[in-house]
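Student: Could you take me through the ligand site of this model in detail? I would like to know what surrounds the ligand and how the space around it is lined.

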Amino acid sequence: MLLTITYTGTDTANLGFLLYKNPYRPQKFELGFGDAYIFYPEISDNKTTAALLLDINPVDLARGKEGNSGGGRGLFDYVNDRPYVCSSFMSVAIANVFRTAMTGRCEEHQDLSDSLLNLEAVVSMLPCRSETEMLNKVFEPLGYEVKYENFQADENFPSWGESKYVNLSLKANIRLCDLLKHIYILIPVFDRQKHYWIGNDEVEKLLRNSGDWLSNHPQKGFITSRYLKRMNPLVSLAFSRLSYESLNSNETEEDSQAVFVGDTSLQSAEKKEKAEKKLNLNAQRIGSVIAALKNCGARSVIDIGCGEGNLLRMLLREKQFEKIAGTDVSSSALKRACEKIKYDYASDFIRNRIELFQSSLTYKDSRFKGFDVACVIEVIEHLDLSRLCAFEKVLFNFTKPRFIILTTPNREYNVKYENIGADKLRHSDHRFEWTREEFRNWAEKASSQYGYTVRFSEIGETDDIFGASTQMGVFSLCE
Ligand code: SAH
């Protein structure tokens, strides 16, 4: 596995300072799965190339694998392409070996680190089965001139067609730290056999290394989905956080539902794009709520009107939420919530973190108190208008959490649903649905009456005229 980075310009040996790797001293780094070597095949005033060679041993990998005591996947664990291709192992090596360079810090030459340099990265043997067009779609929006060399699978058997590997060249005037982050995130997007377990940490890594370039990338759906191995809840979480964070930094939220999954070919990717374009709104809503909760720094959360516990399930997966409660007026909804979070089989650790109880949010209940944030997700529209005043008093005046996150349908958007239209409500139990203006008026009035401020955002695909399907208000208690 080989990655080279070439800097063309003047005094190019300074590349060594930026990478924190002495050009005149080849180095070896022992990683858990093999060895990484750094050396410079070319050093001159006007052109310097650094190479990262990764030597991994599939036998060691197979032996080190949990539960692989001779059984497992047999020969495939020992005879595979891992030693030869640029895979997720290369990303891990980049993060280990170029950790400081990726931050953009350079004590000796900070100016150079902050400058756009004439750089070319060559990624040898990137697995990219029949997806070469995606290379252009993914790298060009980031400013790269993209070239790739492909090969016959076996020159003795032309009928076998092209191999699934390419040598990829990326050229741009770019900061070195950005180039490294792009490669770090995007190699695993093309490598389908990621070796690591995909968990919430990966969402954090993705957002940390892509915060400033992924939210407006036209292929952000493809990149997010593939990076997270198509684990839908995590994709929704990452996606919503990208949308939420870009909304809050006043960038435009583009194409926020276009999560699609490319699997075997571009053609099938496009088919799937259509099928999955209508990304489950519920999942997006949960993702946005979790993003907002994290933004509030919440450690304890009560979900009022928790229904079947969809949000609770996701909250339990995030360690930062140490104390969680769910409450609903409906005992059958609570029963389903219990089943969904597998409460009866849960460990003591989980049982100590979560509590479920029946109650109505129009009556004062001391169990609502003591949480950083109260979530009221798609509930308010189930209340009779005449009970709204009681609800406000219970929530804003009696419970009085530091933050309230409240979502409700945007009635204007109903025209976009074929089977609803402008005059109908979305659910037979909805007592009303608000336009954006009506929601804003209600929320601002309640905020000023009870000492809160409120910020609004939209969830789902946004229509220029009708807005998005769901509207969200995040209320903060004035100190
Ligand atoms: N928040 C959940 C469920 C939304 S459906 C989700 O987003 O998936 C609305 C829920 O509000 C239902 O479960 C209903 O039982 C609950 N609900 C309606 N009136 C309520 C009230 N007065 N007090 C508490 N829960 C109520």
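Tutor: What follows goes from the ligand and its polar contacts outward to the pocket. The model is a predicted one, and the values below are computed from it.

Around the ligand there are 14 residues, and the closest of them are Gly305, Asp328, Ser360, Leu361 and Ile377. By class, this shell divides into 6 nonpolar, 6 polar and 2 charged residues.

Several of these residues meet nitrogen atoms of the ligand through their backbone. For Gly305, a backbone N or O atom lies 2.7 Å from a ligand nitrogen, and a polar backbone atom of Ile377 is likewise placed 2.7 Å from a nitrogen atom of the ligand. With Leu361, the separation between a polar backbone atom and a nitrogen atom of the ligand is 3.0 Å. As for how much of the ligand is enclosed, the protein covers 79% of the 570 Å² of accessible area that the ligand has on its own.

Turning to the space itself, the ligand occupies the largest pocket, which holds about 940 Å³ of space. This pocket is lined by 40 residues, and those closest to its centre are Gly305, Ile377, Glu378, Val379 and His382; Gly305 and Ile377 are also listed among the residues closest to the ligand. The lining comprises 15 nonpolar, 14 polar and 11 charged residues.

In terms of secondary structure, helix H13 (281-295), strand E8 (300-304), helix H14 (310-316) and strand E9 (323-328) each contribute at least two residues to the lining of the largest pocket. Among the contributors, H13 provides the largest share of that lining, with 5 residues. The range given for strand E9 ends at residue 328, and Asp328 is one of the residues closest to the ligand.

Conventions: Residues numbered from 1 in each chain as written. Predicted model: local features only at pLDDT ≥ 70, side-chain atom pairs only at ≥ 80, totals over all residues. Heavy atoms only, no water. Near = heavy atom within 4 Å. Polar contact = N/O pair within 3.5 Å; in protein donor to acceptor, adjacent residues only side chain to side chain. Areas by Shrake-Rupley, 256 points an atom, 1.4 Å probe, with all protein chains shown as cover. 1 Å grid on protein atoms, 1.4 Å probe; cavity = no way out; pocket = protein on both sides within 12 Å on 5 of 7 lines; lining within 4 Å. Sits in = over half its atoms within 2 Å of the grid points. Nonpolar A, V, L, I, M, F, W, Y, C, P; charged D, E, K, R; others polar. Points joined across faces, edges and corners; volume = space filled by probe spheres on them. Helix = DSSP H or I, 4+ residues; strand = E, 2+ residues; numbered from the N terminus.
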